[in-house]
Amino acid sequence: MAEQISAQEAREFFQDQSQQIGFLPEDITDEQPLEFWACGPICGVFAYGLWPGVWTAHYGVKPEGWGRLKEPALDVLSAFWDSREVHLITGWTPEANRPAIAFARRLGFFEYGRMPTPDGDVILQGWKKCQ
């Protein structure tokens, strides 16, 4: 079962070099306007979006969980969704990061849009809990 955790507890999910895209463990503090929710080997980081009810998510994963993440990731998304009024959870993923795109699709994320950048497109994905 997913539960909300502190920034200090969340740091362990970002220790592996592969998880340090956007979040370095030493930069994760309680002063940031972020929420951390964990289940087993995965931690979801949620930031309030620029629109009411819209949140942006990012995951940090312990290597021992690789290959067994779908259910704990869905637990994290669902627990966060149920904890407040949420209309949409978004995620931004470089198109070149095919494993992350595929994982998001397995969780039920859908492509919402694209942002062209000099390094290639970034895909905006959205997720809504099935009622």
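Two residues are in contact here when they have heavy atoms within 4.5 Å of each other. Keep that in mind as you work through these exercises on a predicted model.

**Exercise 1. Get your bearings: how many helices and strands does the chain have, and in what pattern do they come?**

Start with the count: the chain has three helices and seven strands. Next, walk along the sequence, and the pattern reads β-α-β-β-β-α-β-α-β-β. Now look at burial: 44% of the 131 residues count as buried. Last, check how far contacts reach along the chain. Taking contacts between residues at least 6 apart in sequence, 57% join residues at least 24 apart.

**Exercise 2. Find the largest nonpolar core and say which elements build it.**

Step one is to pick out the residues that touch the most other members of this 24-residue core: Ile 42, Phe 46, Tyr 59, Val 76, Leu 77, Ile 89 and Leu 107. Step two is to list the elements that give two or more residues to this core. They are strands S2 (34-39), S3 (42-48) and S4 (54-61), along with helices H2 (70-82) and H3 (98-107). Step three is to ask who gives the most, and that's H2, with seven residues. Don't stop there, though: apart from this core lies another one, of nine residues, including Ile 5, Phe 14, Ala 38 and Val 45. As background, nonpolar side chains in soluble globular proteins tend to be buried together.

**Exercise 3. Work out how the buried residues of H3 are arranged around the helix.**

First, collect the buried residues of H3, which are Ile 101, Phe 103, Ala 104 and Leu 107. Then look down the axis of H3: these buried residues fall within an arc of 165°, so they line one face of the helix. It helps to recall that an α-helix has 3.6 residues a turn, so residues three or four places apart point the same way. Now flip to the face of H3 turned away from the buried side, where you'll find the exposed residues Arg 98, Pro 99 and Arg 105. What do the buried residues of H3 pack against? Their partners are S3, S4, H2, strand S5 (88-94) and strand S7 (122-127). Finally, see what follows H3: Gly 108, with a positive phi near 105°.

**Exercise 4. Describe how H2 and H3 pack: are they roughly parallel or roughly perpendicular?**

Begin with what you need: two packed helices are described by the angle between their axes and the distance between the axes. For H2 and H3 the angle is about 65°, and the axes are 10 Å apart. Angles of 65 to 115 degrees count as roughly perpendicular, and H2 and H3 are therefore roughly perpendicular to each other. Add the handedness: their crossing is right-handed. To finish, name the residues that meet. Lys 70, Ala 73, Leu 74 and Leu 77 come from H2, while Phe 103, Arg 106 and Leu 107 come from H3.

**Exercise 5. Compare two residues: is Ala 104 buried or exposed, and where does Glu 12 lie?**

Take Ala 104, found in helix H3. Its relative accessible area is 8%, and the cut-off for buried is under 20%, so Ala 104 is buried. Leaving out residues up to four places away in sequence, Ala 104 touches Phe 109 and Gln 125. Ala 104 and Lys 70 are 34 residues apart in sequence, yet their C-alpha atoms are 9.2 Å apart.

Now for Glu 12, which lies in the loop between helix H1 (7-10) and S2. With a relative accessible area of 42%, Glu 12 is partly exposed. Its C-alpha is 8.8 Å from that of Val 61, and the two are 49 residues apart in sequence.

Conventions
Residues are numbered from 1 along each chain as its sequence is written. This is a predicted model: local features need pLDDT of at least 70, side-chain atom pairs count only at pLDDT 80 or more; totals for chains, interfaces and linings use all residues. Side-chain values use heavy atoms; hydrogens and water are left out. A nonpolar core is a set of buried Ala, Val, Leu, Ile, Met, Phe, Trp, Tyr and Cys residues joined through side-chain atoms within 4.5 Å. Buried means under 20% relative accessible area, exposed over 50%, partly exposed in between (1.4 Å probe, protein chains only). Helices (H or I, at least four residues) and strands (E, at least two) are DSSP runs, numbered from the N terminus. The arc is that of the directions from the helix axis to the C-beta atoms. Axes are lines fitted to C-alpha atoms, for helices over the stretch in contact, and angles run from 0 to 180 degrees between N-to-C directions. Angles under 35 degrees count as roughly parallel, over 145 as roughly antiparallel, 65 to 115 as roughly perpendicular and the rest as oblique. A crossing is left-handed if the near helix is turned anticlockwise from the far one by less than a right angle, and right-handed if clockwise.
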